[in-house]
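Subject: Structure for your set-up

Hello,

Here is the structure I promised to hand over. My notes on it follow below.

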Amino acid sequence: MALKPSRVDLTVDLGFLELRNPVLTASGTFGYGLEFEPYLDLEKLGGIVVKGLYYKPREGNPPPRLVETPSGLINAIGLQGVGVEAFAAKVLPKLRRLKTAVIVNVCGADDGEYAAVVEYLDKHEGIAAYELNISCPNVKKEGSCPALAPQPTFDLVKRIKAASRRPLITKLSPNVTSIVEIAQAAEEAGTDAVALVNTFLAMAIDLETRRPKLGNVFGGLSGPAIKPIALRMVYQVASRLKVPVIGMGGIMSGTDALEFLVAGAAAVEVGTANFVDPDAASRIVAEIERWCEARGVAAVRDVVGTLEVS
């Protein structure tokens with residue numbers, strides 16, 4: 001029996017990129033996308049944000065690298081990856097066949113490496129945009145990263161925007177005093193969108209051994225535990241910026257995703273949920289569609305930024 005066509009327009013226009021729906025997978029939680037082909041139809045997604053890439057292959061942090069916490073997960077993977085050459089030669093040709101936006105998460109030990117990554121990838125087709133990862137808290141001790149202050153954020157975004165021929169999404173850190181100030185710095189430097197939030201700097205202790213549970217001591221907390229804070233930050237940033245905001249942080253269901261859209265996010269990324277349910281992202285797309293259809297919402301973009309606070 002043929003499926004009934006949807007009466008809901010799920011498309012999202014970010015200005016520089018049109019998505020078939022507002023649900024993307026978050027970098028670091030979905031591999032390079034191809035690993036999830038046995039579990040879901042990748043073309044049902046709005047987009048795939050691939051695992052972070054440095055210029056050279058990277059081993060990441062020593063184990064243990066994952067710890068479960070109440071309503072969350074702390075990871076200290078350390079951005080393990082294959083490097084740009086292996087990605088472009090072995091992974092990208094397969095991703096290029098998909099009718100789904102492919103966004104590459106760009107990493108660097110310094111500004112020069114960030115620039116080198118985008119300059120190398122610019123020579124290859126099949127990438128819709130770059131997500132500039134200046135906010136990972138589990139690479140250096142104490143969570144040091146450029147996104148902790150406005151000036152380093154501005155300087156790096158400006159340099160990478162000038163070096164790249166593709167749209168740039170800047171991924172921001174929640175481990176700051178004023179997320180709006182740093183988001184504004186990224187916007188002033190020319191970013192095409194911002195994505196928030198990355199994980200929260202955290203740790204876990206083994207009481208019996210009185211040692212950290214993570215080999216890196218610190219890691220990044222994600223999952224449902226961070227959703228209320230992430231939602232607040234997305235609302236604050238979306239209320240002040242002109243560029244689109246992509247929201248993430250503890251999204252486990254369609255209603256979670258819709259709350260981020262109502263708060264002002266133009267799209268969302270699904271992360272930790274992929275570990276619990278490999279089909280989570282496509283399930284969330286279906287749940288958004290059903291919610292809109294049940295309430296007579298003709299287009300999902302009509303709910304973006306509709307939060308009433310007075």
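Which residue caps the N-terminal end of helix 2? In this predicted model, the cap is Asp110, with a side-chain oxygen 3.2 Å from the backbone nitrogen of Gly112.

Helices 2 and 4

Helix 2 covers residues 111–121, and its buried residues are Glu113, Tyr114, Ala115, Val117, Val118, Tyr120 and Leu121. Among the elements that cover them are strand 4 (47–53), strand 7 (101–106) and strand 8 (129–133), along with helix 1 (84–95) and helix 3 (150–163).

Helix 4 runs over residues 179–188; Ile179, Val180, Ile182, Ala183, Ala185 and Ala186 are buried there. The cover over these residues includes helix 3, helix 5 (227–240), strand 9 (168–171) and strand 10 (193–196). After helix 4 comes Gly190, which has a positive phi, near 110°.

The spacing of such residues can be read against a general rule: an α-helix has 3.6 residues a turn, so residues three or four places apart point the same way.

The four-stranded sheet

One open sheet has four strands in the order 5-6-14-11, paired antiparallel. Its edges are strand 5 (66–69) and strand 11 (200–203); each has a single partner strand, so one side of each has no neighbour in the sheet. On average, neighbouring strands of this sheet are turned by 40° against each other, direction ignored.

Strand 6 (residues 72–75) pairs with strand 14 (residues 218–222) over three bridges, in the antiparallel sense. Within this part of the sheet, Ile74 is opposite Leu221 of strand 14.

Ser222 also belongs to strand 14. Is Ser222 buried or exposed? Its relative accessibility is 11%, so Ser222 counts as buried, the cut-off being under 20%. Leaving out residues up to four places away in sequence, Ser222 touches Ser71, Gly72, Leu73, Thr199 and Thr272. With Thr272 there is a polar contact between the two side chains, at 2.6 Å.

Salt bridges

The count of salt bridges is 10. The following are some of them.

Glu293 and Arg7 meet through their side chains, at 3.2 Å from N to O. This pair links distant parts of the chain, 286 residues apart: Glu293 is in helix 8 (residues 280–294) and Arg7 in the segment before strand 1 (12–13). Glu293 is partly exposed at 29% relative accessibility, whereas Arg7 has a relative accessible area of 62% and is exposed.

Glu125 forms a salt bridge with Arg165, where the closest N and O atoms are 3.0 Å apart. Glu125 is in the loop between helix 2 and strand 8, and Arg165 is in the loop between helix 3 and strand 9, so the salt bridge ties together parts 40 residues apart in sequence. Arg165 has a relative accessible area of 47%, which makes this residue partly exposed.

Asp277 forms a salt bridge with Arg283, with the closest N and O atoms 3.0 Å apart. Asp277 is partly exposed at 23% relative accessibility, and Arg283 is partly exposed at 26%. Elsewhere, Lys227, Asp256 and Glu259 are joined into one network by salt bridges that share partners.

Regards

Definitions and conventions: Residues numbered from 1 in each chain as written. Predicted model: local features only at pLDDT ≥ 70, side-chain atom pairs only at ≥ 80, totals over all residues. Heavy atoms only, no water. Pairing = 2+ DSSP bridges. Helix = DSSP H or I, 4+ residues; strand = E, 2+ residues; numbered from the N terminus. Axes fitted to C-alpha atoms, helices over the stretch in contact; angles between N-to-C directions. Buried < 20%, exposed > 50% of the residue type's maximum accessible area, 1.4 Å probe, protein only. Contact = heavy atoms within 4.5 Å. Polar contact = N/O pair within 3.5 Å; in protein donor to acceptor, adjacent residues only side chain to side chain. Salt bridge = Lys/Arg side-chain N within 4 Å of Asp/Glu carboxyl O.
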